[in-house]
Amino acid sequence: MKLNHKFALLLAGAVLAGSLTGCGASGTPAGSAASSEAAASSAVSEAASEPAAEAALPDGVYTADFDTDSSMFHANEANDGKGTLTVKDGQMTFHVSLASKKIVNLYVGMAADAEAHEGDWLQPTTDTVTYSDGLSDEVYGFDIPVKALDEDFQLAILGSKGKWYDHTVRVANAQPAAAEAPADGTYTCDVTLKGGSGRATVESPAALTVADGRMTATIVWSSPNYDYMLVDGEKYLPTNTEGNSTFEIPVAALDTPLDVVGDTVAMSTPHEIEYTLTFASASLIEAK
């Protein structure tokens, strides 16, 4: 009986020891846990320190340079090496008119892959370009999807003889496109004045006259004390002798700030004050 009792005690001790050892094996040592936590914290810090991806341009229409690696493949000279970049819902598409109709398809990628992806070939549009001598011509143009500005990407071209060629291109220097002058006629157009002390204003909308493609705006100030305006170095005098100062000045482009100077005699001595005027194309209404 005593022997059996001792054997039972030994067996119980062995079971207890095994249980403790098993628990220790399944747990994570304190040093290891601390190390894992530090690594996770470091990863979060590194992710936070990485620069965020640059946001796409706001939706709108821009002009941009079309840079290529070949003098035989480029934007038409009538467009001064530029094309039109359209941003819609954050997606960018660049339209470029080429020099002729000798390039019949484009493929975004390498020439070696083009044959196997015919469904991705870019199809041409027929564009009319007008050169500086007044002559016009029909050429092919293309709408090219652009993932990033100011970065090189591969663009393969298919010539009229059926051979693909590799090229590296870049769409760069995007600038908001100035709205074209409207057809000849008379309009009203919202105008925004900036500069000076902020006390002066101009009437908006303003009258806008277009003749032979040239725009002239009638600017009515909130004061009778402006005795002349300067636009591109040219002096313009008031068109009225009573009431608030009124001027007729040339407008080079819509949606683009126009630098002007207004000379006021409201102070003890005349002062030339710099302003900008911006005419909003979206607000144009033809006068009846």
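Here are some worked exercises on the structure above, which is a predicted model.

**Exercise 1. Find which strands stand at the edges of the sheet that holds β17, and explain why one side of each is free.**

Start with the strand order. Five strands make up an open sheet, running β11-β18-β17-β14-β15, with antiparallel pairing. Next, look at the two ends of that order. β11 (191–195) and β15 (234–236) each have a single partner strand, so one side of each has no neighbour in the sheet. To picture the sheet as a whole, add the twist: neighbouring strands are turned by 30° against each other on average, direction ignored.

Now zoom in on one pair. Strand β14 (residues 226–231) meets strand β17 (residues 258–264) in the antiparallel sense, over five bridges. Within this pair, Tyr-226 has Thr-264 of β17 as its bridge partner.

**Exercise 2. Work out the order of the five strands in the open sheet that contains β13.**

The order is β16-β13-β12-β10-β19, and the pairing is antiparallel. Here the edge strands are β16 and β19 (285–286); each has a single partner strand, so one side is left without a neighbour in the sheet. Inside the sheet, β10 and β12 are antiparallel and share five bridges. One contact to look for is Thr-188, whose bridge partner in β12 is Ala-207.

**Exercise 3. Which residues have the most contacts inside the largest nonpolar core?**

The core has 25 residues, and the ones with the most contacts inside it are Leu-208, Ile-219, Trp-221, Ile-249, Val-260, Leu-277 and Phe-279. Then ask where the core residues come from. Elements giving two or more residues include β10 (185–189), β12 (206–211), β13 (214–220) and β16 (246–251), along with β11, β14, β17 and β18 (271–279). Of these, β18 gives the most, with four residues.

**Exercise 4. Decide why strand β7 counts as largely enclosed, and name its partner strands.**

First, count the buried residues, using the cut-off of under 20% relative accessible area. Six of the seven residues of β7 (residues 153–159) are buried, so the strand is largely enclosed by the rest of the structure.

Then go through the partners:

- Strand β4 (residues 103–108) runs antiparallel to β7 and is joined to it by five bridges; Asn-105 stands opposite Leu-158 in β7.
- Strand β9 (residues 168–176) pairs with β7 in the antiparallel sense over two bridges; Gln-154 stands opposite Thr-168 in β9.
- Strand β8 (residues 164–165) is also antiparallel to β7, over two bridges; Ile-157 has Tyr-165 as its bridge partner in β8.

Finally, follow the chain from β7 to β8. The two form a hairpin with four residues between them, and Gly-162 in the turn has a positive phi of about 85°.

**Exercise 5. Where is Asp-212, and is it buried or exposed?**

Asp-212 sits in the loop between β12 and β13. Its relative accessibility is 72%, so Asp-212 counts as exposed. The backbone also deserves a look: Asp-212 has a positive phi of about 55°, although it is not a glycine.

For practice, repeat the steps with Asp-255. This residue lies in the loop between β16 and β17, is partly exposed at 35% relative accessible area, and has a positive phi of about 65°.

**Exercise 6. How many residues line the largest pocket?**

The lining has 18 residues, with Met-72, Ser-100, Lys-102, Ile-103 and Ile-157 nearest the centre. Sorted by class, seven are nonpolar, eight polar and three charged. The pocket's volume is about 430 Å³.

Key
Residues are numbered from 1 along each chain as its sequence is written. This is a predicted model: local features need pLDDT of at least 70, side-chain atom pairs count only at pLDDT 80 or more; totals for chains, interfaces and linings use all residues. Side-chain values use heavy atoms; hydrogens and water are left out. Two strands pair if DSSP finds at least two bridges between them. Axes are lines fitted to C-alpha atoms, for helices over the stretch in contact, and angles run from 0 to 180 degrees between N-to-C directions. On a 1 Å grid over the protein atoms alone, a cavity is a set of points where a 1.4 Å probe fits but cannot get out, and a pocket is an open set with protein on both sides within 12 Å along at least five of seven lines; lining residues have an atom within 4 Å of a point. Grid points are joined across faces, edges and corners, and a volume is the space filled by probe spheres set on the points. Ala, Val, Leu, Ile, Met, Phe, Trp, Tyr, Cys and Pro count as nonpolar, Asp, Glu, Lys and Arg as charged, and the others, Gly among them, as polar. A nonpolar core is a set of buried Ala, Val, Leu, Ile, Met, Phe, Trp, Tyr and Cys residues joined through side-chain atoms within 4.5 Å. Buried means under 20% relative accessible area, exposed over 50%, partly exposed in between (1.4 Å probe, protein chains only).
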